[in-house]
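This briefing goes through one protein model, topic by topic. Keep the structure in view while reading.

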Amino acid sequence: MAIAKAERLMNLALCLLGARRPLTKRELRASIEAYVEAYGSGEAAAYGSGEAAAYGSPEASPSGSGEAGAAYGPAAGSTGTEESFSRMFERDKDDLRELGLVIDTVENLDGETAYVARRDSNRLPPITLDAAEATALGLAARVWQQARLAAAASGALQKLHAAGGMPPGTIPEQGGERQLSTLEPHIPAREAAFEPLMLACRDRRPVVFDYRKSNAARSEKRQVEPWTLECWRGHWYLAGWDRERQAERVFRLSRITGPVRSRAAAFTVPVPDQVTVRETVERWAGEGATSTARIRLRSGSGYPLRARALRTWELGDGWEELEIPYGHGLDAWLVEFGPDVVVLEPAELRADVIERLRAVAQG
(Lines give C-alpha, C1' and ligand atoms only; values in the text may rest on other atoms or scores of the structure.)
Protein backbone atom coordinates (compact mmCIF):
# COMPACT_ATOMS: atom_id res chain seq x y z
CA MET A 1 0.00 0.00 0.00
CA ALA A 2 1.41 3.39 -1.06
CA ILE A 3 2.48 5.72 1.73
CA ALA A 4 0.69 9.08 1.81
CA LYS A 5 2.64 12.13 0.70
CA ALA A 6 2.17 13.88 4.05
CA GLU A 7 3.76 10.93 5.85
CA ARG A 8 6.59 10.82 3.31
CA LEU A 9 7.33 14.52 3.80
CA MET A 10 7.20 14.13 7.58
CA ASN A 11 9.68 11.25 7.46
CA LEU A 12 12.01 13.19 5.19
CA ALA A 13 11.86 16.21 7.50
CA LEU A 14 12.55 14.10 10.60
CA CYS A 15 15.42 12.33 8.86
CA LEU A 16 17.06 15.61 7.85
CA LEU A 17 16.53 17.15 11.30
CA GLY A 18 17.72 14.07 13.17
CA ALA A 19 20.91 13.42 11.21
CA ARG A 20 24.19 14.48 12.80
CA ARG A 21 25.81 15.00 9.41
CA PRO A 22 24.60 15.84 5.88
CA LEU A 23 23.02 12.90 4.03
CA THR A 24 23.18 12.21 0.31
CA LYS A 25 20.18 11.35 -1.84
CA ARG A 26 21.22 7.71 -1.84
CA GLU A 27 21.35 7.61 1.93
CA LEU A 28 17.97 9.31 2.20
CA ARG A 29 16.53 6.89 -0.34
CA ALA A 30 17.54 3.93 1.79
CA SER A 31 16.43 5.59 5.03
CA ILE A 32 12.84 6.50 4.20
CA GLU A 33 10.28 3.75 3.84
CA ALA A 34 8.22 5.52 1.16
CA TYR A 35 11.22 5.80 -1.15
CA VAL A 36 12.24 2.20 -0.53
CA GLU A 37 8.70 1.00 -1.21
CA ALA A 38 8.46 2.94 -4.47
CA TYR A 39 11.98 2.71 -5.89
CA GLY A 40 14.03 0.29 -3.84
CA SER A 41 16.91 1.22 -1.57
CA GLY A 42 19.47 1.77 -4.32
CA GLU A 43 23.10 1.53 -3.33
CA ALA A 44 22.81 3.39 -0.03
CA ALA A 45 23.30 0.21 2.01
CA ALA A 46 26.87 0.12 0.80
CA TYR A 47 27.49 3.38 2.63
CA GLY A 48 26.95 1.76 6.04
CA SER A 49 28.79 4.08 8.36
CA GLY A 50 27.63 6.63 10.89
CA GLU A 51 24.00 7.67 10.51
CA ALA A 52 23.78 5.85 7.17
CA ALA A 53 24.44 2.58 8.99
CA ALA A 54 21.69 3.36 11.47
CA TYR A 55 19.21 4.11 8.72
CA GLY A 56 20.22 1.24 6.42
CA SER A 57 21.35 -1.38 8.91
CA PRO A 58 20.04 -4.98 9.11
CA GLU A 59 17.92 -3.98 12.11
CA ALA A 60 16.22 -1.27 10.04
CA SER A 61 15.37 -3.75 7.29
CA PRO A 62 12.08 -5.65 7.66
CA SER A 63 13.79 -8.82 6.48
CA GLY A 64 16.62 -8.38 8.96
CA SER A 65 19.09 -9.39 6.25
CA GLY A 66 20.61 -6.04 5.48
CA GLU A 67 20.12 -6.71 1.79
CA ALA A 68 17.89 -3.70 1.32
CA GLY A 69 18.49 -3.56 -2.40
CA ALA A 70 17.27 -7.10 -2.84
CA ALA A 71 14.44 -6.89 -0.35
CA TYR A 72 12.60 -3.90 -1.74
CA GLY A 73 11.10 -2.65 -4.94
CA PRO A 74 12.41 -2.63 -8.48
CA ALA A 75 15.99 -2.99 -9.61
CA ALA A 76 18.01 -0.14 -8.15
CA GLY A 77 20.28 0.28 -11.13
CA SER A 78 17.65 1.15 -13.72
CA THR A 79 17.95 4.64 -15.17
CA GLY A 80 14.18 5.15 -15.14
CA THR A 81 13.98 4.35 -11.44
CA GLU A 82 16.83 6.72 -10.60
CA GLU A 83 15.26 9.55 -12.59
CA SER A 84 11.83 8.97 -11.06
CA PHE A 85 13.25 8.95 -7.55
CA SER A 86 15.26 12.11 -8.23
CA ARG A 87 12.14 13.92 -9.45
CA MET A 88 10.14 12.84 -6.40
CA PHE A 89 12.95 13.80 -4.03
CA GLU A 90 13.36 17.25 -5.60
CA ARG A 91 9.60 17.86 -5.37
CA ASP A 92 9.54 16.74 -1.75
CA LYS A 93 12.53 18.93 -0.91
CA ASP A 94 10.89 21.95 -2.57
CA ASP A 95 7.62 21.26 -0.72
CA LEU A 96 9.41 21.17 2.63
CA ARG A 97 11.19 24.42 1.87
CA GLU A 98 7.89 26.02 0.90
CA LEU A 99 6.48 24.89 4.25
CA GLY A 100 9.33 26.74 5.96
CA LEU A 101 11.95 24.05 6.61
CA VAL A 102 15.47 25.38 5.99
CA ILE A 103 17.39 22.68 4.09
CA ASP A 104 21.06 23.36 3.36
CA THR A 105 22.83 21.81 0.38
CA VAL A 106 26.46 21.04 1.17
CA GLU A 107 29.34 18.88 -0.03
CA ASN A 108 30.33 15.96 2.19
CA LEU A 109 33.82 14.61 2.80
CA ASP A 110 33.58 12.40 -0.29
CA GLY A 111 32.73 15.36 -2.52
CA GLU A 112 29.09 14.33 -2.95
CA THR A 113 26.08 16.65 -2.71
CA ALA A 114 24.35 16.17 0.63
CA TYR A 115 21.49 17.75 2.57
CA VAL A 116 20.92 18.72 6.17
CA ALA A 117 18.28 20.64 8.15
CA ARG A 118 20.16 22.13 11.07
CA ARG A 119 18.07 22.57 14.20
CA ASP A 120 19.40 26.04 14.95
CA SER A 121 18.32 27.19 11.48
CA ASN A 122 14.83 25.80 11.99
CA ARG A 123 14.13 27.15 15.45
CA LEU A 124 12.37 30.49 15.94
CA PRO A 125 13.65 32.89 18.60
CA PRO A 126 11.33 33.60 21.54
CA ILE A 127 8.39 35.80 20.50
CA THR A 128 6.76 38.15 22.99
CA LEU A 129 4.01 40.57 21.96
CA ASP A 130 2.48 43.34 24.02
CA ALA A 131 -1.29 43.77 24.20
CA ALA A 132 -1.47 46.28 21.32
CA GLU A 133 0.64 44.11 19.01
CA ALA A 134 -1.33 40.98 19.86
CA THR A 135 -4.63 42.77 19.21
CA ALA A 136 -3.43 44.02 15.82
CA LEU A 137 -2.23 40.52 14.93
CA GLY A 138 -5.56 39.02 15.96
CA LEU A 139 -7.48 41.49 13.80
CA ALA A 140 -5.18 40.81 10.86
CA ALA A 141 -5.80 37.06 11.20
CA ARG A 142 -9.57 37.58 11.26
CA VAL A 143 -9.39 39.60 8.06
CA TRP A 144 -8.71 36.35 6.19
CA GLN A 145 -11.60 34.36 7.69
CA GLN A 146 -13.32 34.00 4.28
CA ALA A 147 -10.17 33.22 2.29
CA ARG A 148 -8.01 30.14 1.92
CA LEU A 149 -5.61 31.69 4.43
CA ALA A 150 -8.13 31.34 7.26
CA ALA A 151 -6.75 28.02 8.53
CA ALA A 152 -3.13 29.21 8.35
CA ALA A 153 -3.92 32.46 10.16
CA SER A 154 -5.87 30.67 12.89
CA GLY A 155 -3.14 28.05 13.29
CA ALA A 156 -0.46 30.72 13.61
CA LEU A 157 -2.36 32.42 16.43
CA GLN A 158 -2.82 29.13 18.27
CA LYS A 159 0.91 28.40 18.02
CA LEU A 160 1.75 31.83 19.40
CA HIS A 161 -0.62 31.22 22.31
CA ALA A 162 0.90 27.79 22.98
CA ALA A 163 4.42 29.26 22.92
CA GLY A 164 3.44 31.97 25.39
CA GLY A 165 3.98 34.80 22.94
CA MET A 166 0.43 36.21 23.23
CA PRO A 167 -0.74 38.02 26.38
CA PRO A 168 -3.53 36.20 28.26
CA GLY A 169 -7.04 37.25 27.35
CA THR A 170 -6.12 38.48 23.87
CA ILE A 171 -8.53 35.98 22.31
CA PRO A 172 -11.27 35.29 24.86
CA GLU A 173 -12.57 31.77 25.06
CA GLN A 174 -15.76 30.38 26.44
CA GLY A 175 -16.63 26.72 26.57
CA GLY A 176 -13.46 25.88 24.65
CA GLU A 177 -14.44 28.01 21.64
CA ARG A 178 -13.00 31.35 20.63
CA GLN A 179 -15.57 34.14 20.87
CA LEU A 180 -15.54 36.62 18.00
CA SER A 181 -16.30 40.28 18.49
CA THR A 182 -19.56 41.74 17.20
CA LEU A 183 -17.85 43.74 14.46
CA GLU A 184 -14.93 42.12 12.67
CA PRO A 185 -12.96 43.27 9.65
CA HIS A 186 -12.88 40.94 6.69
CA ILE A 187 -11.57 41.05 3.15
CA PRO A 188 -13.43 38.70 0.81
CA ALA A 189 -11.18 36.70 -1.51
CA ARG A 190 -13.65 34.53 -3.36
CA GLU A 191 -12.13 34.89 -6.83
CA ALA A 192 -10.56 31.64 -8.04
CA ALA A 193 -7.57 33.64 -9.30
CA PHE A 194 -6.68 34.99 -5.85
CA GLU A 195 -4.68 32.06 -4.47
CA PRO A 196 -2.58 31.24 -7.58
CA LEU A 197 -1.80 34.94 -8.05
CA MET A 198 -0.90 35.34 -4.38
CA LEU A 199 1.56 32.43 -4.67
CA ALA A 200 2.94 33.77 -7.96
CA CYS A 201 3.57 37.19 -6.37
CA ARG A 202 5.33 35.53 -3.46
CA ASP A 203 7.47 33.22 -5.61
CA ARG A 204 8.11 35.78 -8.37
CA ARG A 205 6.71 33.53 -11.13
CA PRO A 206 5.21 34.92 -14.37
CA VAL A 207 1.58 33.98 -15.03
CA VAL A 208 -0.72 33.60 -18.01
CA PHE A 209 -4.48 34.14 -17.85
CA ASP A 210 -7.45 35.21 -19.95
CA TYR A 211 -8.71 38.70 -19.13
CA ARG A 212 -11.86 40.48 -20.28
CA LYS A 213 -11.85 44.25 -20.15
CA SER A 214 -15.07 45.92 -19.08
CA ASN A 215 -15.74 47.20 -22.60
CA ALA A 216 -14.70 44.03 -24.43
CA ALA A 217 -16.92 41.25 -25.68
CA ARG A 218 -14.22 38.57 -25.46
CA SER A 219 -11.29 37.74 -23.25
CA GLU A 220 -7.67 38.23 -24.27
CA LYS A 221 -4.65 36.23 -23.15
CA ARG A 222 -2.30 38.19 -20.91
CA GLN A 223 1.26 37.33 -19.92
CA VAL A 224 2.04 39.13 -16.69
CA GLU A 225 4.88 39.35 -14.20
CA PRO A 226 2.86 39.75 -10.98
CA TRP A 227 4.06 42.24 -8.37
CA THR A 228 1.40 42.62 -5.71
CA LEU A 229 -2.30 42.23 -4.87
CA GLU A 230 -4.42 44.90 -3.23
CA CYS A 231 -8.06 45.17 -2.18
CA TRP A 232 -9.90 48.40 -2.95
CA ARG A 233 -13.61 49.02 -2.39
CA GLY A 234 -14.27 45.30 -1.95
CA HIS A 235 -12.50 44.22 -5.15
CA TRP A 236 -9.06 42.66 -5.59
CA TYR A 237 -6.57 44.06 -8.10
CA LEU A 238 -3.25 42.71 -9.41
CA ALA A 239 -0.41 45.03 -10.36
CA GLY A 240 2.31 43.73 -12.62
CA TRP A 241 4.27 44.00 -15.84
CA ASP A 242 2.37 43.14 -19.02
CA ARG A 243 4.94 41.48 -21.26
CA GLU A 244 3.08 42.00 -24.53
CA ARG A 245 2.33 45.69 -23.88
CA GLN A 246 5.70 46.26 -22.22
CA ALA A 247 4.12 48.40 -19.53
CA GLU A 248 2.82 48.34 -15.98
CA ARG A 249 -0.82 47.27 -15.79
CA VAL A 250 -3.49 46.75 -13.13
CA PHE A 251 -5.98 43.86 -13.49
CA ARG A 252 -9.21 43.33 -11.60
CA LEU A 253 -9.40 39.71 -10.45
CA SER A 254 -13.14 39.37 -11.09
CA ARG A 255 -12.45 39.94 -14.80
CA ILE A 256 -9.99 37.05 -15.06
CA THR A 257 -11.67 34.18 -16.86
CA GLY A 258 -10.42 30.61 -16.69
CA PRO A 259 -7.43 29.28 -14.74
CA VAL A 260 -4.25 31.17 -13.87
CA ARG A 261 -1.20 29.27 -15.13
CA SER A 262 2.26 29.98 -13.74
CA ARG A 263 5.50 29.77 -15.69
CA ALA A 264 9.00 28.84 -14.54
CA ALA A 265 10.74 31.70 -16.40
CA ALA A 266 12.36 34.58 -14.55
CA PHE A 267 11.07 38.16 -14.47
CA THR A 268 12.30 40.39 -17.29
CA VAL A 269 12.00 43.68 -15.37
CA PRO A 270 12.84 44.47 -11.73
CA VAL A 271 9.99 44.67 -9.25
CA PRO A 272 9.52 48.25 -8.00
CA ASP A 273 10.26 48.89 -4.34
CA GLN A 274 6.77 50.34 -3.90
CA VAL A 275 3.84 49.43 -6.14
CA THR A 276 1.01 51.95 -5.74
CA VAL A 277 -1.87 49.77 -6.88
CA ARG A 278 -4.47 51.78 -5.00
CA GLU A 279 -3.39 55.08 -6.48
CA THR A 280 -3.46 53.61 -9.98
CA VAL A 281 -6.92 52.12 -9.48
CA GLU A 282 -8.26 55.31 -7.93
CA ARG A 283 -6.94 57.33 -10.85
CA TRP A 284 -8.64 55.05 -13.37
CA ALA A 285 -11.86 55.08 -11.33
CA GLY A 286 -12.06 58.86 -11.32
CA GLU A 287 -11.10 59.42 -7.68
CA GLY A 288 -9.03 62.43 -8.67
CA ALA A 289 -11.83 63.94 -10.74
CA THR A 290 -12.21 67.70 -11.17
CA SER A 291 -15.66 67.63 -12.84
CA THR A 292 -19.00 66.07 -11.92
CA ALA A 293 -21.63 63.82 -13.48
CA ARG A 294 -25.33 63.38 -12.82
CA ILE A 295 -26.91 59.93 -12.67
CA ARG A 296 -30.22 58.34 -11.75
CA LEU A 297 -29.89 55.56 -9.19
CA ARG A 298 -32.51 53.04 -8.16
CA SER A 299 -33.48 53.33 -4.48
CA GLY A 300 -31.83 50.78 -2.20
CA SER A 301 -28.94 50.03 -4.59
CA GLY A 302 -25.51 51.37 -5.48
CA TYR A 303 -24.23 52.12 -1.98
CA PRO A 304 -20.65 52.88 -3.20
CA LEU A 305 -22.09 55.55 -5.49
CA ARG A 306 -24.14 57.01 -2.66
CA ALA A 307 -21.04 57.17 -0.48
CA ARG A 308 -19.36 59.39 -3.09
CA ALA A 309 -22.36 61.55 -3.91
CA LEU A 310 -21.89 65.31 -3.64
CA ARG A 311 -25.65 65.99 -3.81
CA THR A 312 -28.76 63.78 -3.83
CA TRP A 313 -32.36 64.45 -4.94
CA GLU A 314 -35.43 62.27 -4.43
CA LEU A 315 -37.23 61.65 -7.75
CA GLY A 316 -39.99 59.30 -6.58
CA ASP A 317 -41.06 56.03 -8.23
CA GLY A 318 -38.09 54.30 -6.62
CA TRP A 319 -35.37 56.53 -8.15
CA GLU A 320 -32.94 59.18 -6.92
CA GLU A 321 -30.65 61.61 -8.71
CA LEU A 322 -27.02 61.90 -7.65
CA GLU A 323 -24.18 64.26 -8.47
CA ILE A 324 -20.88 62.38 -8.29
CA PRO A 325 -17.21 63.09 -9.13
CA TYR A 326 -16.39 62.39 -12.77
CA GLY A 327 -13.00 61.26 -14.02
CA HIS A 328 -11.30 58.76 -16.29
CA GLY A 329 -12.66 55.23 -15.85
CA LEU A 330 -15.98 56.19 -14.28
CA ASP A 331 -17.88 54.68 -17.23
CA ALA A 332 -16.36 51.24 -16.52
CA TRP A 333 -17.46 51.45 -12.91
CA LEU A 334 -21.01 52.57 -13.68
CA VAL A 335 -21.51 49.66 -16.09
CA GLU A 336 -21.13 47.25 -13.17
CA PHE A 337 -24.38 48.51 -11.62
CA GLY A 338 -26.36 47.45 -14.71
CA PRO A 339 -30.00 48.59 -14.88
CA ASP A 340 -29.80 50.29 -11.48
CA VAL A 341 -27.95 53.30 -12.96
CA VAL A 342 -28.91 55.70 -15.75
CA VAL A 343 -26.39 58.36 -16.79
CA LEU A 344 -27.92 61.80 -17.36
CA GLU A 345 -24.87 63.93 -18.13
CA PRO A 346 -22.30 64.67 -19.39
CA ALA A 347 -23.15 63.34 -22.85
CA GLU A 348 -19.74 61.75 -23.45
CA LEU A 349 -20.03 59.71 -20.24
CA ARG A 350 -23.51 58.54 -21.22
CA ALA A 351 -22.20 57.52 -24.67
CA ASP A 352 -19.26 55.61 -23.15
CA VAL A 353 -21.54 53.68 -20.77
CA ILE A 354 -23.95 52.77 -23.61
CA GLU A 355 -21.03 51.58 -25.75
CA ARG A 356 -19.73 49.35 -22.98
CA LEU A 357 -23.21 47.89 -22.33
CA ARG A 358 -23.59 47.11 -26.00
CA ALA A 359 -20.22 45.36 -26.07
CA VAL A 360 -21.24 43.21 -23.12
CA ALA A 361 -24.62 42.38 -24.69
CA GLN A 362 -22.97 41.36 -27.97
CA GLY A 363 -20.51 39.10 -26.13
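The expected span of a helix is 1.5 Å times one less than its number of residues. Helix 1 (residues 5-18) has 14 residues and should therefore span 20 Å, and its end C-alpha atoms are indeed 20 Å apart, in agreement. The model is predicted, and the points below cover this helix, a sheet, two nonpolar cores and a loop residue.

**Helix 1**
- The buried residues in helix 1 are Arg8, Leu9, Leu12, Ala13, Cys15 and Leu16.
- Looking down the axis of helix 1, one finds its buried residues within an arc of 160°, so they line one face of the helix.
- Ala6 and Leu14, by contrast, are exposed on the other side of helix 1.

**The nonpolar cores**
- The largest nonpolar core has 20 residues, and those touching the most other members are Leu12, Leu16, Leu28, Tyr35, Phe89 and Leu96.
- Helix 1, helix 3 (33-39) and helix 6 (79-98) are the elements that each give two or more residues to this core.
- Helix 1 gives the most to this core, contributing 5 residues.
- Which residues does Leu28 contact, leaving aside its neighbours within four places in sequence? Leu28 is in contact with Leu12, Cys15 and Leu16, and also with Leu23, Tyr35, Phe89 and Tyr115.
- A second core, separate from this one, has 17 residues, among them Leu197, Phe209, Val224 and Leu253.

**The three-stranded sheet**
- An open sheet is built from 3 strands in the order 1-3-2, and the pairing is antiparallel.
- Strand 1 and strand 2 (104-107) are the edge strands, each pairing on one side only.
- Strand 1 (residues 23-24) pairs with strand 3 in the antiparallel sense over 2 bridges.
- Across this pairing, Leu23 stands opposite Tyr115 of strand 3; Leu23 and Tyr115 are also both contacts of Leu28.
- Strand 2 pairs with strand 3 (residues 113-116) over 4 bridges, again in the antiparallel sense.
- Glu107 has Thr113 in strand 3 as its bridge partner.
- Strand 2 and strand 3 form a hairpin with 5 residues between the strands, where Gly111 takes a positive phi near 80°.

**Thr24 in strand 1**
- Thr24 is located in strand 1.
- Is Thr24 buried or exposed? Buried means under 20% relative accessible area, and Thr24 counts as buried because its relative accessibility is 5%.
- Leaving aside neighbours within four places in sequence, the contacts of Thr24 are Asn108, Glu112, Thr113 and Ala114.
- Of these contacts, Thr113 is also the bridge partner of Glu107.

**Lys213 in a loop**
- Where is Lys213 placed? Lys213 is in the loop between strand 6 (207-211) and strand 7 (220-232).
- The relative accessible area of Lys213 is 37%, so this residue is partly exposed.
- Lys213 and Val360 are 147 residues apart along the chain, and their C-alpha atoms are separated by 9.9 Å.

Definitions and conventions. Residues are numbered from 1 along each chain as its sequence is written. This is a predicted model: local features need pLDDT of at least 70, side-chain atom pairs count only at pLDDT 80 or more; totals for chains, interfaces and linings use all residues. Side-chain values use heavy atoms; hydrogens and water are left out. Buried means under 20% relative accessible area, exposed over 50%, partly exposed in between (1.4 Å probe, protein chains only). Contact means heavy atoms within 4.5 Å. Two strands pair if DSSP finds at least two bridges between them. The arc is that of the directions from the helix axis to the C-beta atoms. A nonpolar core is a set of buried Ala, Val, Leu, Ile, Met, Phe, Trp, Tyr and Cys residues joined through side-chain atoms within 4.5 Å.
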